[in-house]
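Let's take a walk through this protein together. Have the picture open while you read, and look up each residue as we get to it.

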Amino acid sequence: MFEVKHHGAVDGVTGSCHELVVDAGNSVLVDIGLFQGAEVSGSGAGAAQLAVEFDIATVRALVITHVHIDHVGRLPYLLAAGFAGPIICSVPSARLLPLVIEDALKVGVTRNQGIIDACLARLAEQLVPVEYYEWVEVGLVESPYRLQVRLSPAGHILGSAYVTCRVRRDLSPKGLGLSPKGLGSYDVGGHSMADGSIAQGIELVRGHSMADGSIAQRIELVRGHSMADGSIAQGIELVRGHSMADGLGESPKGLGSYNDVADGLGESPKGLGSYNDVADGLGESPKGLGSYNDVADGLRESPKRWDVVFSGDLGAPYAPLLSAPRSPYRADQLVLESTYGDKNHEDRRSRRKRLQGCMERALADGGVVLVPAFSIGRTQELLYEIEAIIHANAEKDISHTAYGRAVNWSELDIIIDSPLASEFTEVYRELKPYWDKEAKRRVEGGRHPLSFEQLTTIDSHELHLQTVAYLAKQKRPAIVIAASGMCAGGRMVNYLKALLGDARNDVVFVGYQAQGTPGRDILKYHDRPGGYVMLDGEKYTINAKVWQMGGYSAHAGQKDLVNFVKRIRYKPVQVKLVHGDGEAKRALQGVLQRELPGTEVVV
């Protein structure tokens, strides 16, 4: 196995940062997150110590699973430490990441726009957007290995991915001419191609390589997949990840049936091992041709490659806007999140009804409902659900003003108080091609899930303060969604200060609350006599009612995590559990050990 160093999210759920060590001179980072609350790294990094504390001299690339702050928040510090390699992420994440980093800089580093612009310009130079399922070559320096990475949808937030890092022996005499600066040497979709002396005779198509002549003669790479005409797969055309044999779907040479990309292709009658799905990647040539992206995936036992999968944050089924994650075809080594390793979520299919019921109970006394939510992901999911509730219950009376006038769902103010959330929501709307089928059907039906009549967005700080003061006077009911999701900062703190003391108000938590955050304290102490929370160093009594809604976590529950591992066709030798409290990790470890006795599960 290859060594994986963990620089964060080891004893908690924030500060995600993992380093795959390929050899003594080469490694790749997966995420570089911010610590929140009391959580720290093993070497002293934490919310109060953000500088990168580990050696980055061998780091050839950074791969980002998604743009939540606990996975990307220390990126400016990584750049400041001298990292100049490629920053690989999905196409949606590439649109969202600059917004997250700009906000992180303003909140936690500086308001100097010149410094912020310089950092964002540097980020733009190094950012490499990659479509899902495409293999990207990471250039290594003087290494006997090749390293490729691939992103697959994780279903956590828009653009989220789990990462497959494929390490294999470099069988070419010149290491396929890869650049020591990161993404090899080609110019397809914004990358560079080295001519002649470096990569002569090699055609790179969207991040994949084909050596003509001696190495992989007569193999055509189409969007990252390979077709060797003649002896291997004559008459088979690979089109955008799917296979078609002479229009029939059957191999003319009895190679089995051609299945969908995510499920892999049947078994080879010629001893080629299993047909990996074309999304899965590089197999072994049956003629010893070395490495190419092929339908014939090669034998699992081959010592020439090793797949290390980093789960990032996995989503759960029935998430608004997103499809559920599908397991990789193969993982030799798995680094798995365990946020909810000790519990399953409530029935997610009925959660909209439960959200409606919770909101209606909370609004019944005419108060304000506060929903702490991160600006990206959770906010958009809540808007999507609230639009559906309003659409189905527009005329239903649910509350009243201070003067006794009834208020129905169609009249209720839904307030998003976060400039960042507003920007994210606009980008979400621009990224409709990445929405799931249900969301697309709503749009086709003339609905606007993320932009509806009752929605008000608060941008300026002055208007924010006015809104807090207005709602504190209890003129009319409203639902306020604001960051941060754990009440550790952002505009939600001002709402809590002004409204927690009034019993007519409610706080509804729909996400995880980490140790050491005000959100965790509110949940813990709200029902105790004299319960209070410390906000900005001051004590605030909790008189408002507090609710915790299950089923709205963007994280997979225990059953979902176990299924993710069980559905891997070729199971991992080792599963390393990260991104979870000790109790959650131990519970998940026990279940996985029972379900997969042949796999080592490490906490």
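Start with Asp436, which touches Ala319, Leu321, Leu322 and Ser323, leaving out residues up to four places away in sequence. The model you're looking at is a predicted one. You'll find Asp436 in the loop between helix H7 (419-430) and helix H8 (437-444). What is the nearest side chain of opposite charge to Asp436? That is Arg441, 7.2 Å away, and Asp436 is buried yet has no salt bridge. The side chain of Asp436 does reach the backbone nitrogen of Ala439, at 3.0 Å.

Now zoom out for a moment. The protein chain has 603 residues, and 60% of them count as buried. Its secondary structure comes to 13 helices and 33 strands. If you take the contacts with a separation of 6 or more, 68% of them are between residues 24 or more positions apart.

Leu29 is a nice spot to stop at. It sits in strand S3 (residues 26-30). Buried or exposed, which is Leu29? Leu29 counts as buried because its relative accessibility is 0%. Its contacts, leaving aside neighbours within four places in sequence, include His7, Cys17, Phe54, Val63 and Leu78. Lys5 is 24 residues away from Leu29 in sequence, with 9.3 Å between their C-alpha atoms.

Next comes Thr339, in the loop between strand S21 (333-337) and helix H5 (351-363). With a relative accessibility of 4%, Thr339 counts as buried. Its side chain makes a polar contact with the side chain of Glu337 at 2.7 Å, and another with the side chain of His579 at 2.8 Å. Beyond its neighbours within four places in sequence, Thr339 is in contact with several residues, among them Val13, Tyr512, His555 and Ala584.

On to charged pairs. A search of the whole structure turns up 23 salt bridges. Here are some of them:

| Pair | N to O distance |
|---|---|
| Asp413 and Arg476 | 3.1 Å |
| Asp506 and Lys545 | 3.8 Å |
| Arg520 and Asp581 | 3.9 Å |

Arg520 lies in helix H11 (residues 518-525) and Asp581 in the loop between strand S32 (574-578) and helix H13 (582-595), so this pair ties together parts that are 61 residues apart in sequence. Back at the Asp413 and Arg476 pair, Asp413 is partly exposed, with a relative accessible area of 26%, while Arg476 counts as buried at 17% relative accessibility. In the Asp506 and Lys545 pair, Asp506 counts as buried at 0%, and Lys545 counts as partly exposed at 31%. There's also a network of salt bridges that links Arg166, Asp307, Arg330 and Asp332.

Finally, let's look at the empty space. The largest pocket holds about 1,200 Å³. It is lined by 40 residues, and the closest to its centre are Asp103, Ala104, Val107, Leu420 and Gly490. Which helix gives the most to this lining? That's H3, with eight residues. Helix H2 (75-80), helix H3 (91-108), H7 and helix H9 (461-472) each supply at least two residues.

How many cavities of 30 Å³ or more does a search of the whole structure find? The count is seven. The largest cavity has a volume of about 230 Å³. Its lining has 22 residues, with Asp70, Phe374, Arg378, Met486 and His555 nearest the centre. You've met His555 already, as a contact of Thr339.

Note on methods: Residues numbered from 1 in each chain as written. Predicted model: local features only at pLDDT ≥ 70, side-chain atom pairs only at ≥ 80, totals over all residues. Heavy atoms only, no water. Helix = DSSP H or I, 4+ residues; strand = E, 2+ residues; numbered from the N terminus. Buried < 20%, exposed > 50% of the residue type's maximum accessible area, 1.4 Å probe, protein only. Lys, Arg positive; Asp, Glu negative; His and termini not counted. Salt bridge = Lys/Arg side-chain N within 4 Å of Asp/Glu carboxyl O. Polar contact = N/O pair within 3.5 Å; in protein donor to acceptor, adjacent residues only side chain to side chain. Contact = heavy atoms within 4.5 Å. 1 Å grid on protein atoms, 1.4 Å probe; cavity = no way out; pocket = protein on both sides within 12 Å on 5 of 7 lines; lining within 4 Å. Points joined across faces, edges and corners; volume = space filled by probe spheres on them.
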